[in-house]
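Take a look at the sequence and the 3D structure below. Keep both in view while you read.

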Amino acid sequence: MYKKLAVAYDGSDGSKLAFDKALELKQDFPNLQLSIIYVNEETQDSIGFMSAGDAAAPVASSNVDSTYAQFMPYGIGENGGNRVPKESLERPSEFSKHMHNSIQQQLDEKNVEATVLALEGNASKTIPAFIEEQKIDLLVVGNSGKSGMQKFFVGSVSKKLLKEAACSVLVVK
């Protein structure tokens with residue numbers, strides 16, 4: 001049977017169903033180690049330079065993580081040369097604080113013991129890495145509820161996790 005269970009939680013309706021299912025499993029099997037994980041994917045638009053020999057050209061990217069934005073050359077970007085805008089540091093920390101408190105409150109209300117963890121980065125990459133590192137046996141995720149063209153263009157994290165996770169994955173609808 002499963003010994004380590006993780007649930008991916010983002011506050012969406014699908015993840016709330018996954019959370020509830022994970023709590024049911026924990027109550028049915030009290031020896032399960034339960035981890036509730038949420039991912040902060042906050043990124044910011046940044047401008048940097050791409051060098052090619054003696055020439056350099058500005059490159060705009062919306063995929064530059066605020067962690068890497070601090071390494072951009074001074075004076076580059078919208079914020080007048082500050083390495084990381086203060087507000088971009090506050091938003092992820094506020095998000096993390098809100099998510100952690102919300103999850104912990106739900107656990108306390110149901111008297112369930114679990115670990116609440118924040119991961120940074122792309123969910124479809126950081127969650128499989130977490131699973132492998134922590135030797136998780138079962139990952140519980142919610143169905144995104146996307147359909148048709150939206151699913152085609154945006155993709156589904158639960159679908160990516162089914163493919164990438166090194167453990168069994170339960171998708172709750």
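The paragraphs below go through the sheet, its helices and a pocket. Keep in mind that this is a predicted model.

Begin with the sheet. Five strands build it, and it is open. Read across it and the order is β5-β2-β1-β6-β7. The pairing is parallel. Now look at the two edges. β5, residues 115-120, stands at an edge, and so does β7, residues 168-172. Each has a single partner strand, so one side of each is left without a neighbour in the sheet. The strands are also turned against their neighbours. On average the angle is 25°, with direction ignored.

Next, find β1 in the sheet order, between β2 and β6. How is β1 joined to β6? Three bridges link the two strands, which run parallel. β1 covers residues 4-8, and β6 covers residues 138-142. Val 7 has Val 140 of β6 as its bridge partner. Ala 6 stands opposite Leu 139, also in β6.

Turn to β2. Over how many bridges do β1 and β2 pair? They pair over five, in the parallel sense. Here Leu 5 stands opposite Leu 34 of β2. To get from β1 to β2, the chain passes through α1. This β-α-β crossover is right-handed.

Why is β1 largely enclosed by the rest of the structure? Count its buried residues. Buried means under 20% relative accessible area. Four of the five residues of β1 are buried, so the strand is largely enclosed.

Now add the helices. α1 spans residues 13-28 and packs on the sheet. This helix touches β1, β2, β6 and β7. Its direction makes about 145° with that of β6. A second helix to find is α4, residues 123-134. α4 lies across β1, β2, β5 and β6. It runs at about 155° to β2. Both β1 and β2 are thus met again: α1 touches them, and α4 lies across them.

Last comes the largest pocket. How much space lies in it? The value is about 390 Å³. Its lining has 20 residues. Nearest the centre lie Tyr 9, Asp 10, Ser 12, Ala 123 and Val 157. Which elements give two or more residues to the lining? They are α1, β2, α4, β6 and α6, the last of these being residues 157-164.

Key: Residues numbered from 1 in each chain as written. Predicted model: local features only at pLDDT ≥ 70, side-chain atom pairs only at ≥ 80, totals over all residues. Heavy atoms only, no water. Pairing = 2+ DSSP bridges. Axes fitted to C-alpha atoms, helices over the stretch in contact; angles between N-to-C directions. Contact = heavy atoms within 4.5 Å. Buried < 20%, exposed > 50% of the residue type's maximum accessible area, 1.4 Å probe, protein only. Right-handed = clockwise from strand over helix to strand, strands pointing away. 1 Å grid on protein atoms, 1.4 Å probe; cavity = no way out; pocket = protein on both sides within 12 Å on 5 of 7 lines; lining within 4 Å. Points joined across faces, edges and corners; volume = space filled by probe spheres on them.
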